[in-house]
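Let's walk through this structure together, from the overall build to a few side-chain details. Please have the sequence and the 3D view open as you read.

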Amino acid sequence: MSEDHVSWLASQISISPVTLWVDSPEEQGSGFSKYVTYSLCQPNKSVRHRYSDFEKLQATLRLRYQTYGILVPSLPKKTVVMKGASFHFQRMRGLQLFCERVAASPYLRNDPAWLEFLEEGKAVVVEKNPMPEPHPMWMKAVESQETPPNGNEMIAKFKAESTKCDQQITAMISKTKALIASYNSLASSTTELAAASVSFSETETNEIDTLNAMSPQELADGAAASSVPNVLARISSMFSSQLSSYTTAPDALNLLLVESLEYESSQMLDFHSMSKHVEKLAGDNDRNEKNLNSLRNKNTAKMTEDKIQKHNEAIDAAEKLLESSKAHCDRYIRAMCTLTLPELITARRERVKTLALHLGAVVKSVSASVLSSADNFFVAMGSSGESAINSGSIVLEALSLPPLPEPAGVSGDGGGGAGVRVKSNSVQAERTSSHVNTDVPPPPGGVIEGQEV
């Protein structure tokens with residue numbers, strides 16, 4: 001790579017990334033002419049565009065760059081059906097990913113079409129005639145590279161690998177959507193369970209007297225805190241406090257994981273198309289060469305001087321066309337193998353890392369919320385919950401079932417030991433904590449009661 005290009009690229013990388021976001025969808029028009037515009041925002045200005053404007057920008061960038069072997073960022077998939085808020089959130093996320101990728105490219109972010117796209121009042125058109133020229137530094141970078149001797153084999157491998165990657169991404173999207181559906185179902189069922197426990201608690205409070213009777217001494221000892229109505233109310237509170245996580249998780253997964261995976265899928269498909277384009281360029285070379293050979297082999301013995309002159313001009317034109325098509329094919333392979341692929345590898349690594357972190361963040365947030373609600377429940381019940389986990393595990397292992405998993409960070413009823421452990425072969429609680437009375441055997445049935453207040 002030439003020194004001036006390396007220096008220029010370093011200066012571009014040192015520039016702080018542009019802060020962009022897409023929001024505020026607005027419906028405009030009516031009937032069959034209805035469409036939605038989105039606000040493309042920067043810290044000190046914004047401009048509104050409809051989806052077709054983003055398409056036109058992408059088409060211009062593809063004509064200008066993808067023809068020369070650079071992979072242009074992908075847009076969210078198009079749909080002709082107007083949908084609700086969830087759809088617009090997903091589309092905004094997809095549009096933002098597109099804009100962020102354009103702004104991150106040292107070549108694309110300096111392109112006139114992109115710079116005009118950021119300005120209010122600039123009409124977005126697809127530039128076709130004359131054919132737009134790519135960024136001069138991109139051309140310098142391509143010309144400074146050596147075409148790999150095994151370029152065609154590399155392209156064929158790229159195409160095969162991108163297909164395999166897209167198949168796996170598609171499967172992951174499908175499973176993520178199934179998880180989203182499960183969260184929605186879980187939220188609905190949790191709502192119903194919380195409502196049922198509220199109803200149960202109200203019935204116990206208002207209509208059940210004898211079954212909830214307590215002696216004066218029990219009331220004096222605080223047994224009312226463990227009354228059936230109060231316990232049921234705490235159960236309802238625990239499930240109700242989990243609902244925000246269950247209802248937020250689907251949107252979070254859609255926006256942070258599904259849209260990122262969709263973008264990754266689109267990039268693989270676009271890269272596959274670029275790899276396949278080499279076959280078209282090779283086909284153009286073959287046709288141009290056959291046409292040239294046909295002209296050269298044509299019998300000119302009976303031609304007039306005027307026709308011979310035109311025939312020679314046709315041969316010259318065919319030679320130039322073949323030379324140009326071969327140079328273009330060579331440049332395209334060189335750009336893909338030496339510039340586009342290394343950039344794709346680096347960007348793809350960062351994108352997959354980001355989407356994995358987002359997935360982990362969703363899982364941790366939901367788990368933390370559920371754990372917090374359970375912790376609050378056990379505090380209200382006057383127990384750490386450790387004894388309930390172990391007594392439940394004893395019952396499960398008695399039936400040869402796996403024990404309840406121990407929550408991360410739980411270290412026993414006393415807070416310092418390993419707590420009560422269950423031997424899988426004997427249904428006998430092994431007491432390893434100094435905070436547990438090891439002289440007292442478990443009560444009948446293996447249930448270890450938590451301490452009440």
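A word on vocabulary comes first: a residue is called buried when its relative accessible area is under 20%, exposed when that value is over 50%, and partly exposed in between. Asp270 makes a handy first example, since its relative accessibility of 13% puts it among the buried residues. Please keep in mind throughout that what you are looking at is a predicted model.

Now for the whole chain. The protein chain has 453 residues, and 39% of them are buried. Its secondary structure amounts to ten helices and five strands. If you take the contacts between residues at least 6 apart in sequence, 72% of them join residues at least 24 apart. The surface that the chain exposes comes to about 25,600 Å², with carbon and sulfur atoms supplying 56% of it.

A good place to begin the tour is the sheet. Three strands form an open sheet in the order E1-E2-E3, with antiparallel pairing. Strand E1 (21–28) and strand E3 (45–50) are the edges; each has a single partner strand, so one side of each lacks a neighbour in the sheet. On average, neighbouring strands here are turned by 25° against each other, direction ignored. As a reminder, strands of a sheet pair through backbone hydrogen bonds, either parallel or antiparallel.

Follow the pairing along the chain. E1 and strand E2 (residues 35–42) are antiparallel partners over six bridges, and they form a hairpin with six residues between them. Within that turn, Gly29 has a positive phi of about 80°. Across the pair, Trp21 stands opposite Cys41 in E2, while Val22 faces Leu40 in E2. Leu40 also has a bridge partner in E3, namely Val47. E2 and E3 pair over six bridges in the antiparallel sense as well, and their hairpin has two residues between the strands.

How many of the eight residues of E2 are buried? Seven of them are, so to speak of E2 as mostly covered is fair. Two helices are placed against this sheet. Helix H3 (residues 85–104) lies across E1 and E2 and runs at about 130° to E1. Helix H2 (residues 51–64) packs on the sheet too, touching E2 and E3, and its direction makes about 95° with that of E3.

H2 has two arginines worth a look. Arg64 belongs to helix H2 and is buried, with a relative accessible area of 5%. From Arg64 to Ala113 the C-alpha atoms are 10.0 Å apart in space, although the two residues are 49 apart in sequence. The other arginine, Arg62, forms a salt bridge with Asp270, with 3.0 Å between the closest N and O atoms. Arg62 lies in helix H2 and Asp270 in helix H8 (residues 228–296), so this pair ties together parts of the chain that are 208 residues apart in sequence. Arg62 is partly exposed at 27% relative accessibility, whereas Asp270 is buried, as you saw at the start.

The salt bridges in this model number 15. Another one joins Arg334 and Glu143, whose closest N and O atoms are 3.5 Å apart. This pair links distant parts of the chain, with Arg334 in helix H9 and Glu143 in helix H5, 191 residues apart. Arg334 is buried at 8% relative accessibility, while Glu143 is partly exposed at 48%. Together with Asp330, these two residues are linked in a network of salt bridges.

H5 has further ties to its surroundings. The buried residues of helix H5 (residues 136–143) are Met137, Trp138, Met139, Ala141 and Val142, and they pack against helix H1 (3–14) and helix H9 (305–381).

Helix H9 also holds a local salt bridge, in which Asp306 and Lys310 meet at 3.9 Å, N to O. They are four residues apart in the helix, so about one helical turn separates them. Asp306 is partly exposed at 46% relative accessibility, and Lys310 is exposed at 52%.

Finally, turn to the surface. Val395, Leu399 and Leu401 make a nonpolar surface patch of about 270 Å². Leu401 sits in the loop between helix H10 (386–398) and strand E4 (420–422), and it is partly exposed, with a relative accessible area of 43%.

Technical notes
Residues numbered from 1 in each chain as written. Predicted model: local features only at pLDDT ≥ 70, side-chain atom pairs only at ≥ 80, totals over all residues. Heavy atoms only, no water. Pairing = 2+ DSSP bridges. Axes fitted to C-alpha atoms, helices over the stretch in contact; angles between N-to-C directions. Contact = heavy atoms within 4.5 Å. Patch = residues over 30% accessible without salt bridge, like charges linked within 9 Å, V, L, I, M, F, W, Y side chains within 5 Å. Areas by Shrake-Rupley, 256 points an atom, 1.4 Å probe, with all protein chains shown as cover. Salt bridge = Lys/Arg side-chain N within 4 Å of Asp/Glu carboxyl O. Buried < 20%, exposed > 50% of the residue type's maximum accessible area, 1.4 Å probe, protein only.
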